[in-house]
Amino acid sequence: MKTRRSIWLAMFLLVGVLLVFGASRSGGPLTQQDRIDAITLNLACPTCSGESIYVSRAPAAESIRSEVARQVASGLRTDDEIVSYIEQRFGGQVLLVPRASGVDSLVWALPVAALIFSAFLLFTAFSKWRTNKPTSPTLEDEQIVAQALKSQAESKSKRESQ
Amino acid sequence: MKSQNLVKIVSACVGVVVALLFLVLVVSEPDQDIVAKSPLLGQPAPSVASTTIDGEPFALERRKGSWVVLNFFNSTCVPCINEHDLLVEFAASELANANAAELYTIINDDSSDAVREFFTKNGGTWPKITDDNGTIAVAFGVARVPETWIIDPNGIVRLRITGELSAGLLTEQVNRLREEFVS
Amino acid sequence: MLASAGISGTIGRAFLLVGFIGAIFGAFAAVAGARRNDQQIIRLIPRFATLIFAAAVGAFAAMEYAMITRDFSLAYVQKVGSWSTPALYNFAAVWSALEGSILMWVLILAGYTMAVAIWVRKRMQDVIATWALGVMFIVCAFFFLVSFFPADPFALGPPGVLDGPGPNPLLQNHILVMFHPPILYLGYVGVTVPFAFAIAALITGRVGEGWLVATRRWSLFAWGFLTFGIALGSWWSYEVLGWSGVWAWDPVENASLLPWITGTAYIHSVLVQERRGMLRVWNISLLVATFSLTILGTFLTRSGVLNSVHAFSESGIGAWFLAMFAVVLVVSVGLIGWRGDKLRSPGVIDSPLSREAAFLANNVLFAIFAFVVLLGTVFPLIIEALQDRQIAVGAPFFDKLSMPIGLALLTLMAIAPVLPWRKASTETLRDRLFWPAWCGVAALVASLLLGSYGVAPLLTFTLGGVASGAALRQVVLATRRQGLRGLVGRANGGMIVHLGVILIAVSLGASNSFSKSQELSLVTNVEAQFSGHTFELRDVVEVRDDRSISVKALVLVDGKKIYAPAITKYTRIGMNVGTPSVRTSLTTDIYLTLEPPVRQDSNEARIKVFIKPMIMWLWIGTALMAIGTVLAAFPGRRRKPTEPTSAPVEVAKS
């Protein structure tokens, strides 16, 4: 129905507008704690396997957290500079997000490749299935069916007449 | 049939991947290096300052002019306890040297009292430096104890040893570095 | 050696030996009986099953006896036992480390084997059941062997030890340690059952639907417990660990999540095989993947390879589980390859706009999700093995990639319940999705009014609204048709589970994006404010018992009630554990932790306050999922199979 279709269109438009509005909104200025949290969420605890410094309760993590808090409070460095400062001392193992360069980028590239590849496979599978639609009966098929029905009717009348 | 081939190819791939995983894991040998990497090697040591457990001030900057050996320590960590006697020996042997290396213990996540008690029981009169908040540990990138760092008279970091020291290792390395420094 | 052995150690070992022999004989009986179709041999199988269950119970009881009596002659009791651990935590200490948890695995697996043997008692002429039990016996034998050699809980320790450190302090301060591991294992180990039947179907060549329908409740049972176990683990993480989160994407969590992902894909995809006889290779592969991932996950978490790839050559248990993983994979994939022609289905998916297509897309999405989680977990291992350097792959990676996957899954959850089988027209979709779509709009508007921002959370709320609309629509229609019976059965129970999932997704979206935190330095009787709440320190007290010294800060929140975050030092181990204190409500949790250093009777304390929105909905969602799973286990409206290939396969006559 035309009215249904236009209601749907209006709905999509409304959702689009609201999403754009919501996306451009922000939650207020970043506090120092927000900065500390953002930095520590991206640093790995050097004595744990894969936990961030934000999560880990290990002593090494506590020390690095205090250091980050101290540097954020002093206001001298940006977030990236603080991360580099820690990386310069502990090595690449404290970066929780692998850099998008070299062999490390594989960890990002492979999932994307998998997604594209499987989308491609699905697409080809669907188009193959669509072209292999079951065909309508041929003339020969119809003749066979007619013949079978005829012989069935004949044998039935034969039995009734007996 | 095509799907048969596909299944065979997938099975072969799975087999190859599992075999590779096996190979990689079985062949990998433990790291034999005594000396550990650090971005700080060859760089000026971080200028850290703190106090000893007796309240005396300590600043790494002011130790320039002599060789400095920092040992990151915790009184409950088993390798630290094991290597303690080697450190006592090292400190004793350095007394005879004109260009003696100064040994300092940096306390890592431990109370001053526990450390004092440990040293009273096991010997070792060199200064023990407190590290509240782990600032010194973070500055050097030390996450696990024990670690031993050697810094030359110019304040440049020369060596980092992670894990328990073996007999004679520290003396050997310090002597080697001293010779290189002079030449 | 025997003279000084604790009696529990010898008895326990004896039980394990009996269990191992019973499993081997049971496996032989099953395989021989199935191949020759010999009823006399087949009749022995339930006896072997009972035998190994009794042996497993005996071994576990021996371990508990040793733990309760603090028999320190055993190395395991020396490791996790202590006179100062309270009785309840001491009981749970048995599964607090490797050897004991393998013992628990053995117990649960033997229990499942016996349960299956009883269940197929009446169908023992059916060769599939015999082969399935054979597979289960072989897996049992493996675990009995592991429990005898690398992970021996009854090994003797050095003599003369009179007390031990007790279990890890994190495992002795919350009652959940009694429930989370056993419940999780009930799910984790339970996936062995449908896997065994899948292998049996492949071996016998009867890859039709009969075995699927029959094992439906076993799969649902295992999946339900796995889901609940993972949720309990998240709750434990929240209540105990003190970082205010529920999921950290660490390797142990990922190891339990991976089989859940493939298992969820399976319980959806199996509907297509029942209805239309399709996706057979998918279903068997998903079952194989689910079981293999339980073995791989155990390998990854117990061998120490994730801390350092070099740990592998030093540990014993890693090699066992890796070998088992390889064997399972090679045998299963080989069987699938061998039976490839039988697995090809007669039907095709007619249209991309059909429920079959939605389930296929579902499978693909879950497969990619599992791939992402597995890749992120093992990537540091691979890099360290290849280039000898340590890297970390943590939460930011997983969060970033699971966000689009999660949104896609929410979209599928919104559309699939209204999609008919075979083919749909866009008009049908438009009609059926009309009211669910408006639910989505309402959710979006409501979230904006409450102050939400950001594309990802807003999309989550919108799609969550649509998906709940679709699920509710199904349930309302069913109850309108059948009254209360409209709430039971696979489809309707499933919709309630979906509602639970949506609540969890929405809650995670909200708490990940809109949590706030702040460190406050409190002085006694001076009120501090944060985010519309007031906090006042009343006192700092110390509580001592024979295993710990606990310093608590008593904080008055919003002038109403006192919450006491604490730092506890476990004196026997020398470990400090922070305990958070949480004020829960339907909309927001106020989560308090105490920051060191703090001293008893001091008049100041530093606390960290976390304001976490909608955490309660996580647990409500979990409860809904549990209820929905139970409802789905009941038989629903009987359906006529629409395809001859969907009819149950006849039992072979002997």
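Two strands pair if DSSP finds at least two bridges between them, and the strands (E, at least two residues) and helices (H or I, at least four) are themselves DSSP runs, numbered from the N terminus. Keep in mind that this is a predicted model: local features need pLDDT of at least 70, side-chain atom pairs count only at pLDDT 80 or more, and totals for chains, interfaces and linings use all residues. Residues are numbered from 1 along each chain as written, chains are lettered from A and ligands numbered from 1 in written order, and side-chain values use heavy atoms, without hydrogens or water.

**View 1. A four-stranded open sheet in chain C.** The strand order here is β1-β10-β9-β8, and the pairing is antiparallel. At the edges stand β1 (516-523) and β8 (581-584) of chain C; each has a single partner strand, so one side of each lacks a neighbour in the sheet. Going from one strand to the next, the twist averages 20° (axes are lines fitted to C-alpha atoms, for helices over the stretch in contact, with angles from 0 to 180 degrees between N-to-C directions). Zoom in on one edge and you'll find β8(C) running antiparallel to β9 (residues 588-595) of chain C, joined by 4 bridges. One residue to pick out is T584(C), whose bridge partner in β9(C) is D589(C).

**View 2. The mixed sheet of chain B.** Here 5 strands make an open sheet, ordered β5-β4-β3-β6-β7. Its edge strands are β5 (128-129) and β7 (157-162) of chain B, each pairing on one side only. Further in, β3 (residues 68-73) and β6 (residues 147-151) of chain B are antiparallel partners over 5 bridges; look for N71(B), which is bridged to T148(B) in β6(B). Helix α5 (residues 169-182) of chain B packs on this sheet and touches β3, β6 and β7 of chain B (contact means heavy atoms within 4.5 Å). The direction of that helix makes about 165° with that of β7(B).

**View 3. The hairpin of β6(B) and β7(B).** These strands run antiparallel and are joined by 5 bridges. W149(B) has R160(B) as its bridge partner in β7(B). What lies between the strands? A stretch of 5 residues. Within this hairpin, G155(B) takes a positive phi near 85°.

**View 4. Aromatic pairs, between chains and within chain C.** Rings of Phe, Tyr and Trp (its six-membered ring) pair if their centres lie within 6.5 Å; planes under 30 degrees apart are stacked, over 60 edge-to-face, the rest tilted. Over all chains, that rule gives 41 aromatic pairs. Take Y54(A) and W243(C): they meet edge-to-face, 6.4 Å centre to centre, with 85° between the planes. This pair crosses between chains, with Y54(A) in the loop between α2 (32-41) and α3 (59-74) of chain A, and W243(C) in the loop between α11 (216-240) and α12 (251-276) of chain C. Y54(A) and W243(C) are both buried (under 20% relative accessible area; exposed is over 50%, partly exposed in between; 1.4 Å probe, protein chains only). Then there's a stacked pair, F195(C) with F291(C), at 4.3 Å centre to centre and 20° between the planes. F195(C) sits in helix α9 (residues 192-204) of chain C and F291(C) in helix α13 (residues 280-302) of chain C, so the pair ties together parts 96 residues apart in sequence. F195(C) and F291(C) are buried too. Elsewhere in chain C, ring pairs link W105(C), F142(C), F143(C), Y185(C), Y188(C) and F321(C) into a cluster.

**View 5. Arginines over rings in chains A and C.** A charge sits over a ring if NZ of Lys or CZ of Arg is within 6 Å of the ring centre and within 35 degrees of the ring normal. In chain A, the charged end of R89(A) sits over the ring of Y85(A), 3.9 Å from the centre. In chain C, R13(C) lies over the face of F148(C), 5.7 Å from the ring centre.

**View 6. Chains A and B, one at a time.** Chain A has 6 helices and 0 strands, and its C-alpha atoms fill a box of roughly 110 × 45 × 30 Å along the principal axes. Of its 162 residues, 31% count as buried. Chain B has 5 helices and 7 strands, in the sequence pattern α-β-β-β-α-β-α-β-α-β-β-α. Here 43% of the 183 residues count as buried. Among chain B contacts with a separation of 6 or more, residues 24 or more positions apart account for 69%.
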